[in-house]
Amino acid sequence: PVLNWKTLYNTGWAYAAYASLKTAEWHPEEAARQLAQIQSVARKALPYSTLLISRGIWFKLLENNLTAAKNVIRAPQCTSDTLGLLKLAFQPLSEDELSSRKVLIGENIALKSCCKQSQMLNDGLNSIIAPYTNAIASKLAYYTYRLTFRKNHVFRDMYTIFDLTITGAAKKPPDMLTVDDYMSRYVVTRPSIRNMGGLFLFAIGVPSYRSELTTKQKVRSDLLFLEIEKRLGKTTVIQDYYSDAPYSFDEKTGRMFSVGPD
């Protein structure tokens, strides 16, 4: 089952708003405790996400939490006790939390299961085609799909595309250029006429993996932790996710920064 994004999103914002209120009322420790709770929930769930959409929802919640925590630590009423609470809850994201291997395997299994249930595919095809075509065109598309769907061919292609995706996602930072090139040739440049049904499935079913959200939150979690340490009077060095050197310090702003993906 897919998480209810709207409910979770609103819950996360409620925690952030409450933390902002408590900070303004000079109770930053209470703000930190509440943020630590919602952050703990997200970080416990993240490694067990089995679909990209669920993973994206948890990372969006992490993004909200990082912003709320940043606002608390930069408030003048933030105390060392508050910083200590946030330090425990907002440790840098681990490689296990960042890894997409498990979720991509989950997407592969879900798509393969869909292929095995031909009725599900038929219903999905009809729901997409029916609103835009007349009855004859809809039937023609339906039978064309049924006659040109090669299940074993699709399975072989699925293994190829997901192997490439998992390999690309394992790189640091993730690199999907090989995947994009393969999909471009598979769908546009050299489509298989004998497997047009499978081609249709790939066009709508293979997830478009993009790492910008996950890597951005990884960098933000590193930088937030470094700022907390700095405000506690400690010196900590963390390697920049996008380079072989530590995160840099900007003399003008007085803050750490990453070189970024470019």
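Buried residues account for 41% of the 262 residues in the protein, as computed from a predicted model. The fold has 12 helices and two strands, and along the chain from the N terminus the order is α-α-α-α-α-α-α-α-α-α-α-α-β-β. Among contacts with a separation of 6 or more, 68% are between residues 24 or more positions apart. The protein exposes about 14,600 Å², and 57% of that area comes from carbon and sulfur atoms.

**Helix α1**

- Helix α1 spans residues 5-24, which is 20 residues. From its first C-alpha to its last it reaches 29 Å, close to the 28 Å expected at 1.5 Å a residue.
- The buried residues in α1 are L8, G12, A16, A19, K22 and T23. They lie on the same side of α1 because they cover an arc of only 130° around the axis.
- Cover for the buried residues of α1 includes α2 (28-45) and α3 (52-73).
- K6 and A24 are exposed and sit on the face of α1 turned away from its buried side.
- At the N-terminal end, α1 is capped by N4, with a side-chain oxygen 3.2 Å from the backbone nitrogen of K6.
- W26 follows α1 and has a positive phi, near 65°.

**Salt bridges within helices**

- The count of salt bridges comes to eight. Three of them, each inside one helix, are described below.
- An α-helix has 3.6 residues a turn, so residues three or four places apart point the same way.
- In helix α2, E30 and R33 are three residues apart, about one turn of the helix. E30 forms a salt bridge with R33, and the closest N and O atoms are 3.5 Å apart. R33 is partly exposed, at a relative accessible area of 45%.
- In helix α3, K60 and E63 are likewise three residues apart, a separation of about one helical turn. Their side chains meet in a salt bridge of 2.7 Å, N to O. K60 counts as partly exposed at 29% relative accessibility, whereas E63 counts as buried at 14%.
- In helix α12 (residues 212-231), E227 and R231 are four residues apart, about one turn of the helix. E227 forms a salt bridge with R231, the closest N and O atoms being 3.1 Å apart. E227 counts as buried at 12% relative accessibility, while R231 is partly exposed with a relative accessible area of 43%.

**Salt-bridge network**

- R74, E227 and R231 are joined into one network by salt bridges that share partners.

Note on methods: Residues are numbered from 1 along each chain as its sequence is written. This is a predicted model: local features need pLDDT of at least 70, side-chain atom pairs count only at pLDDT 80 or more; totals for chains, interfaces and linings use all residues. Side-chain values use heavy atoms; hydrogens and water are left out. Buried means under 20% relative accessible area, exposed over 50%, partly exposed in between (1.4 Å probe, protein chains only). Contact means heavy atoms within 4.5 Å. Accessible areas come from the Shrake-Rupley method with a 1.4 Å probe; for residues, only the protein chains shown count as cover. The expected span of a helix is 1.5 Å times one less than its number of residues. The arc is that of the directions from the helix axis to the C-beta atoms. A polar contact is a pair of N or O atoms within 3.5 Å; within protein, one must be able to donate a hydrogen and the other to accept it, and residues adjacent in sequence count only if both atoms are side-chain atoms. A salt bridge is a side-chain nitrogen of Lys or Arg within 4 Å of a carboxyl oxygen of Asp or Glu.
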